[in-house]
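Trainee: Please take one part of this model and describe it closely, with attention to strand pairing and to helix packing.

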Amino acid sequence: MSNEVEIGRGKRATVGFSFDDISVIPSRRTRDATDVSVTWQFDAYLLDAPIIAAPMDSVTSPETAIQMGKMGMLGVLDLEGIWTRYENPQPYLDEIAHLDESEVFQRMREIYRAPIQAELIQARLGQISAAGVPVAGALSPARTQEFWPIVMNAGVDLFVIRGTTVSAEHVSSNREPLNLKRFIYELDVPVVVGGVASYTAALHLMRTGAAGVLAGFGGGATSANRRTAGVAVPMATTVANVAAARREYMDETGGRYVHVIADGQISTSGDLIKAIACGADGVMLGTVLARAHEAPGQGFHWGAEAHHKQLLRGERVKVPQIASLEQIIYGPSLDASGQTNLLGALRQAMSMTGYSDVKEFQRVSISVEHR
């Protein structure tokens with residue numbers, strides 16, 4: 001069946017579905033919730049849950065990355081963020097949290113104009129490493145060439161190359177583009193790259209040797225890409241397309257598995273569940289974890305697009321700090337909003353559909369709301 005419609009003479013459009021458009025269907029078999037496993041074997045690391053904290057200053061600090069690691073998950077530090085620009089970033093985080101709306105964009109640009117310091121990259125990653133948890137850091141494609149040797153020397157365990165759009169075939173007339181295939185081949189640590197939205201783009205990234213691919217563009221709540229650049233992705237369809245590319249790549253390589261990580265528009269436990277049901281191995285969370293009492297954003301959430309030098313494609317948004325990080329992930333729930341006890345909800349969905357682990361749950365049946 002074609003997934004295209006004609007929107008006018010001479011133009012066809014792809015039909016896509018968001019997480020809100022779909023639902024998981026219970027099966028004839030059920031399973032006790034205590035008998036299901038939500039662990040995630042990601043490369044050499046066995047995580048207690050399929051959750052990664054997004055590399056956003058309002059979500060992941062060295063302290064929350066350490067806390068995530070001790071809870072059996074992974075926190076990714078933004079190595080171009082406030083933590084690598086200031087020895088003591090706390091006064092600037094406090095200021096951002098108290099800025100008037102009329103001052104936000106200008107002042108955030110000024111704060112993030114400070115240069116990235118190589119010694120702070122080493123210090124922050126070293127702080128996480130000293131706590132005995134896996135160390136993960138993220139750079140944009142534009143900064144990777146400049147800073148990756150420092151990141152490697154700091155002993156990172158997982159390297160993330162994350163941008164609004166990352167491709168294996170970036171074209172530039174003013175600088176040498178990052179050769180992902182050569183770059184990944186030369187590294188001794190697993191590399192996660194993204195985001196991507198299409199089957200073809202995902203397949204190209206998998207062929208670079210990436211250990212994981214980010215499906216989506218992240219920053220769902222903080223992004224203004226739809227308004228400013230006219231770009232947005234239907235996440236359910238995006239995850240399913242990237243998962244299909246993984247199957248194709250496995251056939252090409254005789255079984256090499258690339259992890260699919262849903263990144264964007266996941267704000268509740270239901271969204272997390274549906275991302276995995278569409279084929280994701282794990283999820284990268286921003287807004288959900290920005291609601292934690294420990295979150296460095298102090299009730300606000302923003303990404304790099306909110307302080308871009310030339311084109312602002314994001315904003316600082318208010319998020320309620322509702323619970324501790326542990327309660328958001330492990331519960332118990334505060335209410336039925338789907339904002340706390342993410343893993344309890346995932347276990348319940350797996351229990352209702354009869355699947356015993358996350359990998360099996362990717363095969364669950366899905367329905368589409370009639371439109």
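Mentor: In this predicted model, eight strands close into a barrel with parallel pairing, in the order S6-S7-S8-S9-S10-S11-S12-S13. From one strand to the next, the twist averages 25 degrees. Strands (E, at least two residues) and helices (H or I, at least four) are DSSP runs, numbered from the N terminus; two strands pair if DSSP finds at least two bridges between them.

One pairing in the barrel is that of S7, residues 74–78, with S8, residues 136–139. These two strands run parallel and are joined by three bridges. Here Val-76 of S7 has Ala-136 in S8 standing opposite.

S8 also leads to a helix: H5, residues 141–153, lies across S8 and strand S9 (158–162). H5 runs at about 165 degrees to S9, angles being taken from 0 to 180 degrees between N-to-C directions of axes fitted to C-alpha atoms, for helices over the stretch in contact (heavy atoms within 4.5 Å).

Two further helices pack together, H1 (residues 62–70) and H4 (residues 118–130). Their axes are 9 Å apart and make an angle of about 30 degrees, so H1 and H4 are roughly parallel to each other (under 35 degrees). On the H1 side, Pro-62, Glu-63, Ala-65 and Ile-66 meet Arg-124, Gln-127 and Ile-128 in H4.

Residues are numbered from 1 along each chain as its sequence is written. Local features need pLDDT of at least 70 and side-chain atom pairs 80 or more, totals for chains, interfaces and linings use all residues, and side-chain values use heavy atoms, without hydrogens and water.

Methods
Angles under 35 degrees count as roughly parallel, over 145 as roughly antiparallel, 65 to 115 as roughly perpendicular and the rest as oblique.
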